[in-house]
Amino acid sequence: MSFIDQTAADFALPLKAAHCPFPRAEELREQMKWVVTKYYTEVASRKSFEAHGLLVTGLSRLGKTQEIAELITAFNSGNNLMPDGRPARIIRCLLSRKVSWKELGLITADALGYPVDGRRNQNYIWRAVREQARRQGVIGIAYDECQHVFTEEGVATNKIFLDSFKTLQKDLDWPLILILSGVPELEKYILPEEQLRHLLRPVRFDPINLSGDPDDNGLSKDLEQINGVAYFYSDIAGLCFDPLSTIDFFERLSYACAGRWGLVIELIIDALVRCKSAGETDVTIKHFVNAYSEKSGMNPGFSPFTAPDYRECFDPEKLLEILRRSDG
């Protein structure tokens with residue numbers, strides 16, 4: 001007995017593989033372009049220098065991880081040649097728990113494809129990291145969910161990380177670009193450290209705000225964006241989204257997903273797959289109600305998509321917690 005719904009998987013694959021363009025991605029790319037251009041110029045000058053980097057922050061499920069992954073993939077495949085003629089690369093590490101500086105070195109070495117014996121001391125491990133980065137032409141490291149290395153009570157440990165991050169960027173032989181990303185809490189550890197703050201250019205990801213600054217049509221920019229996202233994926237699926245392209249629906253969609261872009265995209269894809277699997281051509285509220293019910297475990301008869309007074313019936317933070325639990 002097969003547990004794979006091949007039809008649903010075939011419908012979902014092109015949607016999952018697609019990457020919808022966002023204005024925030026352009027800001028991230030522009031900041032990265034500045035950082036890499038400065039790095040190239042400094043290397044070409046043949047003088048010692050400090051590498052700059054990025055501090056990317058935003059609430060969970062806003063799409064930071066995806067945008068950074070797309071950026072690094074584009075960079076690594078873009079044939080960005082350094083003055084020595086070698087293509088530059090950036091590696092990425094996802095941090096899911098509290099780690100020591102030594103453990104972070106082991107994680108980084110693994111990402112470089114050069115595992116180090118964990119019985120070695122941290123100085124040896126980090127020397128190996130820097131040497132392998134130099135040999136491989138790796139000019140940057142991205143640490144995703146970087147808030148995990150800091151704690152409220154770990155003042156001494158926090159200082160070790162802050163000082164060590166600065167050392168990586170100031171290394172005389174091979175300075176490294178750092179991309180530190182995480183929830184807004186990360187800023188309270190990084191920004192008070194003046195030297196590190198100077199070396200990291202901030203990029204902030206904001207939640208959906210449907211009452212924000214209007215565009216030329218008098219609609220909020222995020223409302224236009226969420227509409228564009230819906231049509232982007234609907235066009236890929238070959239489905240008609242017109243019946244749902246209303247302010248009321250997008251307000252409900254944003255509210256149901258607690259203003260998180262990542263959750264909105266996931267739900268849109270789930271609803272489109274349901275529509276496609278049913279052999280239908282028009283995306284309807286039913287597809288979203290059922291997809292949301294399956295994801296959250298909530299009764300489809302009582303949903304943010306159908307309740308007249310949904311703002312009074314549902315707390316967005318509680319909805320977010322329910323959706324988080326469904327992912328775990």
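Is His52 buried or exposed? In this predicted model, His52 has a relative accessible area of 10% and is therefore buried, as the value lies under the 20% limit. The residue is located in the loop that connects helix H2 (23-45) with strand S1 (53-58). When neighbours within four places in sequence are set aside, the contacts of His52 comprise Trp34, Val35, Lys38, Gln169, Ile177, Leu178, His198 and Leu199. Of these partners, Ile177 and Leu178 fall within strand S4 (residues 177-182), and Gln169 falls within helix H6 (residues 155-170).

The protein as a whole contains 14 helices and five strands. Its C-alpha atoms occupy a box of roughly 60 × 55 × 45 Å along the principal axes. Of the 328 residues, 46% are buried. Among contacts between residues at least 6 apart in sequence, 69% connect residues at least 24 apart.

Strand S3 (residues 138-144) is mostly covered, with seven of its seven residues buried. On one side of the pairing scheme, S3 is joined to strand S2 (residues 89-94) in the parallel sense through six bridges, and Ile90 is found opposite Gly140 of S3. Strand S3 also runs parallel to strand S4, to which four bridges join it; here Tyr143 faces Leu180 of S4. Together with helix H6, strands S3 and S4 form a β-α-β unit of right-handed sense.

Tyr143 and Leu180 reappear in the description of the nonpolar interior. The largest nonpolar core comprises 104 residues, and those with the most contacts inside it are Tyr143, Phe150, Phe165, Leu180, Tyr233, Leu253 and Phe288. The greatest contribution to this core comes from helix H11 (residues 261-277), which supplies eleven residues. For Tyr233, with residues up to four places away in sequence excluded, the contacts are Leu15, Ala18, Cys20, Ile265, Ile268, Ile269 and Leu272.

Aromatic rings form a further set of interactions, and 21 aromatic pairs were found in a search of the whole structure. One of these is the pair of Phe241 and Phe288, which is edge-to-face, with 6.4 Å between centres and 80° between the planes. Phe241 belongs to the loop between helix H9 (221-237) and helix H10 (247-256), whereas Phe288 belongs to helix H12 (residues 285-296); the pair therefore ties together parts that are 47 residues apart in sequence. Both Phe241 and Phe288 are buried. Elsewhere, ring pairs connect Trp101, Trp126, Tyr143, Phe150, Phe161, Phe165 and Tyr189 into a cluster. Tyr143, Phe150 and Phe165 of this cluster are also among the residues with the most contacts inside the largest nonpolar core.

Charged groups are likewise placed over aromatic rings. The charged end of Arg24 is positioned over the ring of Phe22, at 4.2 Å from its centre. Arg120 lies over the face of Tyr124, and the distance to the ring centre is 4.1 Å.

Helix H12 contains Ser293 as well as Phe288. Ser293 has a relative accessibility of 14% and so counts as buried. Beyond residues up to four places away in sequence, Ser293 is in contact with Met298, Asn299 and Pro300.

Note on methods: Residues numbered from 1 in each chain as written. Predicted model: local features only at pLDDT ≥ 70, side-chain atom pairs only at ≥ 80, totals over all residues. Heavy atoms only, no water. Buried < 20%, exposed > 50% of the residue type's maximum accessible area, 1.4 Å probe, protein only. Helix = DSSP H or I, 4+ residues; strand = E, 2+ residues; numbered from the N terminus. Pairing = 2+ DSSP bridges. Right-handed = clockwise from strand over helix to strand, strands pointing away. Phe/Tyr/Trp six-rings, centres within 6.5 Å; stacked < 30°, edge-to-face > 60°. Lys NZ or Arg CZ within 6 Å of the ring centre and 35° of its normal. Core = buried A, V, L, I, M, F, W, Y, C linked by side-chain atoms within 4.5 Å. Contact = heavy atoms within 4.5 Å.
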